[in-house]
Amino acid sequence: MEKLLLSVHVLAGIVFVGGSAVATSLFPRYAPVAASVPAGTAGGGAAAGTLQEASGERNRSVAVALLRITRGYSLFGIVVPVVGIVLALVQGRMGEIWITVSMVLTAAAGVLLALWIYPLQREALAEPDDGARLRRLSMLAGIYNLLWAVVVVMMIVRPGADG
């Protein structure tokens, strides 16, 4: 049973958390910026007065797909902590510090995604701005990915583990 739970936990983490991490990181590159943004700013390269999609980098359709991936994979990603908690209970590890810290960091990543990243992505598609929102999204995606990287390290190193 433990091996099955561990397999589901790791595979779901790779597919769903990894997918949402990639989607949140790529979204700012493809999301449109306002028409008044001059060439060479906000990551675009098209002439001023366009929606910054002519350069091939800004692409609303790709941004919409990345938004859907962020939403869908984050919903399915709930499997990761649920199975992780069940696995920790089966193994009798719930009291270990690395489990507690990992759960707190996972909750922080989930809150960051649900309350800031996803809503800002929707806003960026609905009302493109000068790129300020996209810069904020890039920073938040970096924090989101860093939280998950720390959780992965905690799973490998297991500080304070009982054996």
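1. Buried means under 20% relative accessible area, exposed means over 50%, and partly exposed covers what falls in between. E123, at 40% relative accessibility, therefore counts as partly exposed. The model discussed in this note is a predicted one, and the points below should be read with that in mind.

2. E123 takes part in a salt bridge, its side chain meeting that of R133 at 3.5 Å, N to O. Because R133 lies in helix α5 and E123 in helix α4, this pair ties together parts of the chain that are 10 residues apart in sequence. On the other side of the bridge from the partly exposed E123, R133 has a relative accessibility of 12% and so counts as buried.

3. How many salt bridges does the structure hold? There are 2 of them, and besides the pair just described there is one in which the side chains of E96 and R93 meet at 3.0 Å, N to O. In this pair E96 is buried, and R93 is buried as well. As general background, side chains that carry opposite charge can pair when their charged atoms come close.

4. Turning to the interior, the largest nonpolar core has 27 residues, and those with the most contacts inside it are F27, L112, I117, L134, L137, Y144 and W148. Two or more residues of this core come from each of the elements α1 (2-30), α2 (60-76), α4 (97-126) and α5 (132-157), and the largest share, 9 residues, is the contribution of α4.

5. I117, which is among the core residues with the most contacts, is worth viewing on the model. If residues up to four places away in sequence are not counted, I117 touches T24, L112, L137, L140, A141 and Y144. Among these partners, L112, L137 and Y144 are themselves listed with the residues that have the most contacts inside the core.

6. The structure holds 3 aromatic pairs. One of them joins F16 and Y73 in an edge-to-face arrangement, with 5.8 Å from centre to centre and 85 degrees between the planes; this pair links distant parts of the chain, since F16 is in helix α1 and Y73 is in helix α2, 57 residues apart. Another joins F16 and F76, and here the rings are stacked, with 5.6 Å from centre to centre and 25 degrees between the planes. F16 lies in helix α1 and F76 in helix α2, so this second pair ties together parts that are 60 residues apart in sequence.

7. Through these ring pairs, F16, Y73 and F76 are linked into a cluster. Are its two α2 members, Y73 and F76, buried or exposed? Y73 counts as partly exposed because its relative accessibility is 32%, whereas F76, with a relative accessible area of 52%, is exposed.

8. The largest pocket has a volume of about 640 Å³. Its lining consists of 24 residues, of which H9, V10, V80, V151 and M155 lie nearest the centre of the pocket. At least two lining residues are supplied by each of α1, α3 (79-91), α4 and α5, and α3 gives the most, with 7 residues.

9. A last point concerns G95, which is placed in the loop between α3 and α4. With a relative accessibility of 76%, G95 counts as exposed. G95 and G160 are 65 residues apart in sequence, while in space they are 9.9 Å apart, C-alpha to C-alpha.

How values were computed:
Residues are numbered from 1 along each chain as its sequence is written. This is a predicted model: local features need pLDDT of at least 70, side-chain atom pairs count only at pLDDT 80 or more; totals for chains, interfaces and linings use all residues. Side-chain values use heavy atoms; hydrogens and water are left out. A nonpolar core is a set of buried Ala, Val, Leu, Ile, Met, Phe, Trp, Tyr and Cys residues joined through side-chain atoms within 4.5 Å. Buried means under 20% relative accessible area, exposed over 50%, partly exposed in between (1.4 Å probe, protein chains only). Helices (H or I, at least four residues) and strands (E, at least two) are DSSP runs, numbered from the N terminus. Contact means heavy atoms within 4.5 Å. Rings of Phe, Tyr and Trp (its six-membered ring) pair if their centres lie within 6.5 Å; planes under 30 degrees apart count as stacked, over 60 as edge-to-face and the rest as tilted. A salt bridge is a side-chain nitrogen of Lys or Arg within 4 Å of a carboxyl oxygen of Asp or Glu. On a 1 Å grid over the protein atoms alone, a cavity is a set of points where a 1.4 Å probe fits but cannot get out, and a pocket is an open set with protein on both sides within 12 Å along at least five of seven lines; lining residues have an atom within 4 Å of a point. Grid points are joined across faces, edges and corners, and a volume is the space filled by probe spheres set on the points.
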